[in-house]
Amino acid sequence: MAEPSFSSIHEYIAKREAFINDERTLRREHARLKACSDVEAQADRIIRKIRKEEALTIWSEESDSIPHIFPGMEFLTSRDIIVKTKLFNILTKMPKGALLHAHLDAMVNTRTLLRLALQQPHMHVRVPSVLNSSSIKTMLPEFSVCPEEEWSSLPSLADASYSPGEWVKIQQARRSFPPELGGPQGFDDWVIGCLTINPAEAYGTHRTTDKIWKKFTDTFRVSIGLIRYQPIWSQYIKEFFLASVEDGISYIEARINFGPKTMFNAEGYNIVPGREWVRIFCRVIREVKQEMKEQGRQDAFLGARIIYSIIRIYTPEEMDWYMEECLALKQEFPDIIAGFDLVGHEDSLYPLTHYLPQLLHFQKRQKELGIHIPFIFHAGETLGDGTPADGNLYDAILLETKRIGHGFSLAKHPKLMDICKTKGIAIEMCPISNEILRLTSSMLMHPLPIIVNHGIPVVLCSDDPAVFGNMGLTFDYFQVLVSSELTGLTTLGQIARDSIEYSTLDYETKSKALAVWEKRWHEFCKEVVALGT
Ligand SMILES: O=c1[nH]cnc2c1ncn2[C@@H]1O[C@H](CO)[C@@H](O)[C@H]1O
């Protein structure tokens, strides 16, 4: 008989512990855990205690309206429960560092956006057929502004005389919304329903990734007409920045879709080019910084940059034009243009290889011009295994992407995971987005722990919170915190710190941002400790 491997239970237990600890040293927050302050360690214990208590109380209550509740469950069903938890309320105060994966077109609460639109006399709306109780179920409103000489005097979208495709003033359309469809309130609800994804869609009628992406894409078809109007554009960006600051986000890299090439000016003419969009973006940054300064909170907002983004639907020749625009913008706004990305549904649109000559040429042009615009690609936002969307991960890495947007399928690629770890390619993970877009049925099945356990840097992002309802970053942090025993406050701290570390900020600004964050983090940990005692 072979010698027993262990001479005693005691020895086994000791080896087991060493074995586990050894594996855990791979985790990204390992060094931080070793070195963390007493206050942070205490705060971490308090957070774990609250999480445990709430798992047994709030997350085990039987409810008629929501069967089978559990921490990390479907976000759209559990949102109302989440906001009532102590844990969520504590996390709202956490300094989150940077928001690095955020599509500008879906960053402002939809009710706020609608309110901004209703203040605009130039804003109009139209529908493809007369509005009634049956057509409203499938029909999308289209918004656009008209110059004053073309303002409409049509009475209603629902009038028998309405000819499909005719513009009606937004205020008028709202005022005249038929009582049987809910009157003006019904108008608001209809528009909001078209700008957001609701639980019945995500978990019922549109339960596959393809179906939910159809609805998801529709929300952008509706919102674009509201946002690409100069007076709204500036207010929208300001709302976005201010709301982010209130959620503890102090720096932003926003993906802006430059596809439309021009937006409407205040008078309703579609002539405002991309460089003007960027100029307004810069002006709003200055305004928000100034406001923060006046409130004595200059540390709360350190600025924002733009990741120039184009949807992967264009021909390679069309892409050439956008790349030239991106180069020109980088030359004019060197501190604002942070990177370049191709966005949209990876499973159905062109893969990165479709644009290979363009992407290589883009790099060559940068060398000629003496500028650097890192690729920050979406890649692997898919359930595919060996599909072109999954294959985007190889191309993103070969093309030296600075970070990877989503990287949902990265966990299937041991070699690519090693490269991300050694090269420090952070993964912009968007857990709530992935769940609503049906890549995972709950947080417990999300690959985030696989990536974290490998020691690959992760940053948490909200992606499109106006569509999903996960405004700010607190919801995503919450879902991650309640879905893993290993993850604690220190893990969240590491993720928040990494959001600054893996940003495109230059060395000096980054050092300052990190110092500010560490200070705020320490204050936050003290607050948590004060709560617990
Ligand atoms: O999660 C995402 N993955 C890929 N593309 C996205 C995601 N969210 C938004 N967009 C893209 O950004 C455009 C808005 O500017 C949307 O039309 C969509 O194609």
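# Getting to know the fold

Strand E2 (residues 123-126) and strand E3 pair in the antiparallel sense over 4 bridges. Helices (H or I, at least four residues) and strands (E, at least two) are DSSP runs, numbered from the N terminus, and two strands pair if DSSP finds at least two bridges between them. Residues are numbered from 1 along each chain as its sequence is written. This is a predicted model, in which local features need pLDDT of at least 70 and side-chain atom pairs count only at pLDDT 80 or more, while totals for chains, interfaces and linings use all residues.

**Exercise 1.** Work out which strands stand at the edges of the sheet that holds E3 and E4.

*Solution.*
- Begin with the order: 3 strands form an open, antiparallel sheet, E3-E2-E4.
- Next, look at the ends: E3 (142-145) and E4 (168-169) each have a single partner strand, so one side of each is left without a neighbour in the sheet.
- Finally, find a facing pair: Met123 stands opposite Val145 in E3.

**Exercise 2.** Describe the overall build of the protein.

*Solution.*
- Take the elements: the secondary structure comes to 22 helices and 13 strands.
- Add the extent: along the principal axes, the C-alpha atoms fill a box of roughly 90 × 65 × 55 Å.
- Check the radius of gyration, taken over C-alpha atoms (globule rule: 2.2 Å times the number of residues to the power 0.38). A compact globule of 533 residues would have a value near 24 Å, and the protein, with 24 Å, agrees.
- Look at burial: 45% of the 533 residues count as buried, meaning that 20 or more other C-beta atoms, placed from the backbone, lie within 10 Å of the residue's own.

**Exercise 3.** Follow strand E8 and its partners.

*Solution.*
- Place E8 at residues 303-311, where 7 of its 9 residues are buried.
- On to E5 (residues 249-257): 7 bridges join this strand to E8, and the two run parallel. Here Ala254 stands opposite Ile306 in E8.
- Now take E9 (residues 337-343), which pairs with E8 in the parallel sense over 6 bridges. Ser309 stands opposite Asp341 in E9.
- Between E8 and E9 the chain passes through helix H13 (residues 316-332), in a right-handed β-α-β crossover. Right-handed means that, with the strands pointing away from the viewer, the path from the first strand over the helix to the second runs clockwise.
- Ile311 has Val343 in E9 as its bridge partner.
- Close with burial: 7 of the 7 residues of E9 are buried, so E9 is largely enclosed by the rest of the structure.

**Exercise 4.** Which residues are around the ligand?

*Solution.*
- Use the cut-off: a residue is near a molecule if its C-beta atom, placed from the backbone, lies within 6 Å of it.
- Read off the shell: His103, Asp105, Phe220, Asn257, Ile311, Val343, Gly344, His378, Glu381, Ser433, Asp463 and Asp464.
- Sort by class: there are 3 nonpolar, 5 polar and 4 charged residues. Ala, Val, Leu, Ile, Met, Phe, Trp, Tyr, Cys and Pro count as nonpolar, Asp, Glu, Lys and Arg as charged, and the others, Gly among them, as polar.

**Exercise 5.** Arrange the strands from E10 to E13.

*Solution.*
- The order is E10-E11-E12-E13, a parallel open sheet of 4 strands.
- At its edges are E10 (378-379) and E13 (458-460), each pairing on one side only.
- E12 (residues 426-429) and E13 run parallel and are joined by 3 bridges; Glu428 has Val459 in E13 as its bridge partner.

Notes. Buried ≥ 20, exposed ≤ 12 C-beta atoms within 10 Å, placed from the backbone.
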